[in-house]
Each structure stands twice: as structure tokens, then as C-alpha cells.
Amino acid sequence: MNKIKKLLPALFLICLGWQSCSHHEGPHQSMADIVKQHKEEPAHNISSDKNLDELVKMMADVQARDTFYLPRRSVHMVSFPCSNCHTAPMNELKAGAKAGEKKAHWNIELKHAKKDAMDCATCHNTKGNMDELVSLTGRTIHIDESFKQCAQCHSTQYKDWEGGSHGKRLGSWAKPRVINNCTNCHNPHSPAFEPRWPARLNTASTYHQTKEK
Amino acid sequence: MFFKKNKNNSSEEPSNTPKSGCGTGSCSCGSSKEHGPKEEIKGSEPKKDGFDQVLEKKTDRRDAIKKLTAGLLAGAGLASTSCSVTANDLDKEMAGLEWEEYFKGNYKLMTDKERGETIKRLERMYELKKGGKINVSSQGAAEDVLYGYAFNISKCKGYMDCVNACVEENNQDRASEMQYIRIHEHRNGSMNFEMADDNFYHEVPAAGHFYLGTQCFHCQNPPCVEVCPTQATWLEKDGIVVVDYDWCIGCRYCMAACPYDGRRFNWATPQVPEEEVNKNQHYLGNRLRKKGVMEKCTFCIQRSRDGKNPACVEACPTGARIFGNLLDPNSEIRWVLANKKVFRLKEDLGTEPKFWYFMD
């Protein structure tokens, strides 16, 4: 009997504990736990495909953790391919032109890095095939893969872009992943975003303030 | 023993008060009929609460209402023989639909058939009222999906494009300028929301400032859901906290319980110009609301469950907004969580928001 009496409070505590546990059974779970539990591909069948019909997708030529696509840029460029006009290397074309004559894209002002570091020829192939970009080591880069050009200097941004924290996802959160190329948002000749006016008046709390007053 | 006594006292008190309040005889809430099933349910399955009773009651009531409606329609038909026939038919239909709508159940408890019926009614009612067609979806949560959101405070420049997109997408009240998203302009080096400017209208970004957006964080442990007396708001399986606008009584408990200013109230009937109404709707999302109900961000449930990004994500010109599936180890949001120094607001409250902030 004594033993049972001693056990009673323990039993009571166990019951209490069990009850309080069952009470918290609800949805409360730490996000870190939930995220950690999932290491495999999700089984849902939602795809980004149907939302991206109009985009001309191209597979990015990178060894990323997961395949992703980029919108093709060359098809939207009005004066591409460059070789339509640039039939000869730059120095020959320049030699043939009249003194002071400017034919095309003379209005482009390079606002990108310092003049010591960059000029037109840093990215554009002025010596060979004008349709392609050229890397710092002289290798050619396809115009649709301009991110490789940018990545040479902007390695931090490139890493973030490839991972997913820099740049912009297109159309859908689901797979396959389609993201903007660098030049879809940044003008390569003037990559910084200019300050501008907000799209609308920020009236987040004016309504409340006028009410309070 | 002392505790026990105290507990007993406190549990008796509230049960006594309503009795004394309703004990006038004319009131039906204290009748023995209701006590029977309550005790039964408590005894057999402790997890069952008022829901089943509501369900049972609802079907009973619905039958009664159907009979009433039939009577009403018959009466209306009799009384209006002199008027034009077509107009009468439409009026009759509308009256019937309104009756049915008024007495429908909580969306959470509806069967798929009932959901389909109410959606048909809503679409038909809009057609009768406005002449246009809307498409209301009842698409449920997909397996293996838990939505999460990340906000890059280095990238946001306060352009406010997200707010415009949100208002247009979600049919928010134009009259009171309701907005789910708030963009707070903070001075560099401080994140005091009391000191933030929420009413800026100047060229952005302002020098020496950063911008931080808030909206519903879709907490995994949502306090707003906890306090709702009618269970008109709940956490869906894919992590979206939703509101059943037809079950909300407008008590605004949730608004008070939300530590993040995530909920909005319709003080008046929301005004949305007919040509601006987004006709692609979801029952738990952007369908048109009425006066006296709560609403909030739903991660654009009508879009996200369809595989699309929310309107704010799509509209953001800087890519500061990242949306994705937390259960997909290869998703962008998971990459951000793994590789960036992320933080959440008021983490100490244990609300587990699925909305993280980070810097480049």
C-alpha cells in the first residue's frame, strides 16, 4: 500500500505531462525542424512549364546544384547579329569611315567601372567574331550566356545568382527554374539602378493616422 | 489540493454565468437537448469539439432553410404575377442563391461537392449582379509543399511596385486604400519600427536608408488562428493562413493577436471598380469581400497553388522577394536559408513565421 501511495504522485505527474504534451500536439513545430526533415525531392506535380510558354528558354551552361533556364536574349535584340554590319574587324571599319563619322550606337556611354579597368573591348570581341563576347583571357562567350562575362569580376553576385538570392525568378516557384540573366535587369553599359519615384504614394499608415487625429 | 480547488472554482464560474443569463426560459441555449450530445462527444472522443455538432446542426438547418426558401419562392412567385416573367426568374434565382449562401457551412468542413456548389453560387451571383463572369477556384493544398518567403533588405529600394501589384491582384478596397504590404523606410543602423517612415513619397532609395517590407508572415504557429472564436481562419496544409470571409464575424480578435500588423479589416463595403476586378479568384483568396470581415495576404493563393509566384514577387523590379517551397531542398528559398544570415521579426514569440529577412 505504501508503495502505491508513493507511486501516486509520480503517476499524477506522468498523467499531467502526457496531458500537456497532447495539448501542444497542434501545428506548432519549429521551422528549422520542418526544413531539416526534408532532404528529398518533393512529390508534388506542380510545374513551371505551363506558366512559361511565351518565354524562349535556354538551358544555362553551368554546373549548378540544379538545372536552370534563362530567357534567350539574342532573339529580342534588334541589331543582332552584329556581323550584319560588322563585316570586318573594328580597326578596318574605322579606317574606312570618314573622319568624325558616327554610324551606330555612338550614344552608348560606358558607366561601368573605371576607364582603366574597362572599355568596349573588355567584353566585345573587336578582333574576331563580333557576334560573340570575349572573356578576359580571350575565350569567346555566347551573347546569351553573358552571365559568364559578368561573373569574371562579380563573383559574389554570381554565386548568389546561381544559388537564388540575387536576380529574379520568372513565372513560377516550381520547377524547372527559370531566372533572369544579368542583362535582363542590368544595362551592361550602365549597370547601376537609377533612383526614381515610387510607383505609388506610400499610404501604409496615413489612413490610421488621420483616424487617430 | 489548493490548486485543485481553485481550478474547480474557476471552471464552475464561467459555466454558471451563462446559465444564470439564459435562465429566463425563453432562451434555448441551456436546454437539455444540447447537453446530451455534448457529453456524449466528450466521453467517447475527447478530440472532437463543436465541429461535429455544427455539421449535424447545419444539415438539419439546411433542410429547414430549403423548405423555407421553397415557400418564399412560391410566395414571391404568387405575388409577382403582374411583373415581367424573366426579371422574376432572375430575382427568384438570386433570392434562392442568397438564402443558400447565407446558411452554408465553414469552408474547412465542406465536402468537395459542397465546395463546388458554393463556388457555382458565387459565380452565378456575380453574373446576376454585375453581368460579368468570374472564375472562383477551390484548389486545395498540394502534397509536399510548404510555402516560404524571403525578403532581401539590401535589394529593396522602396519602389512600391509590389504594393500596386498586390492591390490589383487581390481586389483590395480602393476607397480605404487597403494594402497588405507595408514598406518601412529605416535609417541605416536602426530597425526601430516606431522610428521608421511608412509614408515616404520622395525619390527612392533615399541616401542612408534601407527598406523593409512586411505583410502576413504565415506563421507556422499562428496566434491569429488561435484566438478566432468562429474558426474562420486557419493554417492550410501548405502553410498558408487563410480566412473564410463568409464565416468571419468581424470581431477583429485576430487583428489584435497578430504581432506583425498582418491583418486588415473592412470597415466599409470594399470598393473595386468593375473593370479592375481580378476575375481569376480563389475562395480563400482574392474573391470579393464584404463589409465587416477580415482579410490579409494569402501568398496569392489563387496564383501560388497554380504554380505561379505571388504578384509581389512578380512585380518586384529588384528581385528582393523570394518565394518557394520549403520542403524542396533545391529551392531558392532553401538556398537562402542555408547560405545567408537570415532573421525573422519577433522570433522570441515562437510564432514561427515563414518569412525571413536577409542581407546580401
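1. In this predicted model, Cys258(B) sits in the loop that runs between α8 (253-257) and β7 (263-265) of chain B. Although it lies in a loop, Cys258(B) counts as buried because 21 other C-beta atoms lie within 10 Å, where the cut-off for a buried residue is 20 or more.

2. Leaving aside residues up to four places away in sequence, Cys258(B) touches Pro223(B), Cys224(B) and Arg263(B). Pro222(B) is 36 residues from Cys258(B) along the chain, and the C-alpha atoms of these two residues are separated by 8.0 Å.

3. Turning to the interior, the largest nonpolar core has 66 residues, and the members that touch the most others are Ala150(B), Cys162(B), Cys166(B) and Cys312(B). The largest share of this core comes from α6(B), which provides five residues. For Ala150(B), the partners beyond four places in sequence are Ile322(B), Ile333(B), Val336(B), Val342(B), Trp356(B) and Phe358(B). A second core, separate from that one, consists of six residues, among them Phe68(A), Leu70(A), Leu170(A) and Val178(A).

4. Where the two chains meet, the contact draws 53 residues from chain B and 44 residues from chain A. On the side of chain B that touches chain A, at least two residues each are supplied by α6 (161-169), β3 (182-187), β10 (321-325) and α11 (332-339) of chain B, and α11(B) gives the most, with six residues. By residue class, this side of chain B divides into 21 nonpolar, 16 polar and 16 charged residues.

How values were computed: Residues numbered from 1 in each chain as written. Chains lettered and ligands numbered in written order. Predicted model: local features only at pLDDT ≥ 70, side-chain atom pairs only at ≥ 80, totals over all residues. Contact = placed C-beta atoms within 7 Å. Helix = DSSP H or I, 4+ residues; strand = E, 2+ residues; numbered from the N terminus. Nonpolar A, V, L, I, M, F, W, Y, C, P; charged D, E, K, R; others polar. Core = buried A, V, L, I, M, F, W, Y, C linked by C-beta atoms within 7 Å. Buried ≥ 20, exposed ≤ 12 C-beta atoms within 10 Å, placed from the backbone.
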